[in-house]
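Colleague: I am new to reading models like this one. Can we go through some labels together, and can you show me the reasoning behind each?

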Amino acid sequence: QVQLVESGGGLVQAGGSLRLSCAASGRPFRSYAMGWFRQAPGKEREFVAAISGSGSIIYYADSVKGRFTISRDNAKNVAYLQMNSLKPEDTAVYYCAADGRIRVTIQYDYWGQGTQVTVFP
């Protein structure tokens, strides 16, 4: 079993930055890939970014490529999502997820509770 807790969400003006954190516990952190997803009101949950257990493989959604950076610190059991040049359309609840393999779909085994990100014009 894996427990995930997100933090770092908030209210930010367009063009600003936020860094989300996802603290993990329950299994050796390096053994699973981490993903970030988001869900806006009335929309389906969508893939944002993913990173393999070692950090050597990274994927991004086209909508965030060049603006967001996913990373992880296996010594601290934390994954991060650095979000720069934020846009109002980035407004959503952001979720981190963990799975034994890296994926760009929502079929992750473990999920956090989500953290709200609101970007105003």
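Colleague: What makes Arg103 and Asp99 a salt bridge?

Modeller: Keep in mind that this model is predicted. The side chains of Arg103 and Asp99 come to 3.0 Å, N to O. The cut-off is a side-chain nitrogen of Lys or Arg within 4 Å of a carboxyl oxygen of Asp or Glu. The pair at 3.0 Å meets that, so the name salt bridge applies.

Colleague: Why can such side chains pair at all?

Modeller: Side chains of opposite charge can pair when their charged atoms come close.

Colleague: Are Arg103 and Asp99 buried or exposed, and how do you know?

Modeller: Buried means under 20% relative accessible area, and exposed means over 50%. Asp99 has 4% relative accessibility, so Asp99 is buried. Arg103 has a relative accessible area of 25%, so Arg103 is partly exposed.

Colleague: How many salt bridges are there in the whole structure?

Modeller: The search finds 5. One of them joins the side chains of Arg38 and Asp90, at 2.9 Å, N to O.

Colleague: Why do you say that Arg38 and Asp90 tie parts of the chain together?

Modeller: Look at where each residue sits. Arg38 is in strand β4, while Asp90 is in the loop between β8 and β9. They are 52 residues apart in sequence, so the pair ties those parts together.

Colleague: Why is Arg38 called buried?

Modeller: Its relative accessibility is 6%, under the 20% limit, so Arg38 counts as buried. Asp90 has 1%, so Asp90 is buried too.

Colleague: What other side chain does the side chain of Arg38 touch in a polar contact, besides Asp90?

Modeller: That of Ser63, at 3.5 Å. The limit is a pair of N or O atoms within 3.5 Å. Beyond its neighbours within four places in sequence, Arg38 is also in contact with several residues, including Glu44, Val48, Phe68 and Tyr94.

Colleague: Which other salt bridge involves Asp90?

Modeller: The one with Arg67, where the side chains meet at 2.7 Å, N to O. This pair also links distant parts of the chain. Arg67 is in the loop between β6 and β7, and Asp90 is 23 residues away, in the loop between β8 and β9. Arg67 has 11% relative accessibility, so Arg67 counts as buried.

Colleague: What makes Cys22 and Cys96 a disulfide?

Modeller: Their sulfur atoms are 2.0 Å apart. The cut-off is within 2.5 Å, so the pair qualifies as a disulfide. A search of the whole structure finds 1 disulfide. This pair links distant parts of the chain: Cys22 is in strand β3 and Cys96 in strand β9, 74 residues apart. Both cysteines are buried.

Colleague: Why is the disulfide of Cys22 and Cys96 called right-handed?

Modeller: The torsion about its S-S bond is about 55 degrees, so the disulfide is right-handed.

Colleague: Which residues touch the most other members of the largest nonpolar core?

Modeller: Leu4, Met34, Trp36, Leu81, Met83 and Tyr94, out of 34 residues in that core. Several strands each supply at least two of its residues, among them β3, β4 and β9.

Colleague: What does Met34 touch, leaving out residues up to four places away in sequence?

Modeller: Its contacts include Leu4, Cys22, Phe29, Ile51, Ile70 and Tyr108. So Cys22 appears twice in our talk: in the disulfide and beside Met34.

Technical notes. Residues are numbered from 1 along each chain as its sequence is written. This is a predicted model: local features need pLDDT of at least 70, side-chain atom pairs count only at pLDDT 80 or more; totals for chains, interfaces and linings use all residues. Side-chain values use heavy atoms; hydrogens and water are left out. Buried means under 20% relative accessible area, exposed over 50%, partly exposed in between (1.4 Å probe, protein chains only). A polar contact is a pair of N or O atoms within 3.5 Å; within protein, one must be able to donate a hydrogen and the other to accept it, and residues adjacent in sequence count only if both atoms are side-chain atoms. Contact means heavy atoms within 4.5 Å. A nonpolar core is a set of buried Ala, Val, Leu, Ile, Met, Phe, Trp, Tyr and Cys residues joined through side-chain atoms within 4.5 Å. Helices (H or I, at least four residues) and strands (E, at least two) are DSSP runs, numbered from the N terminus.
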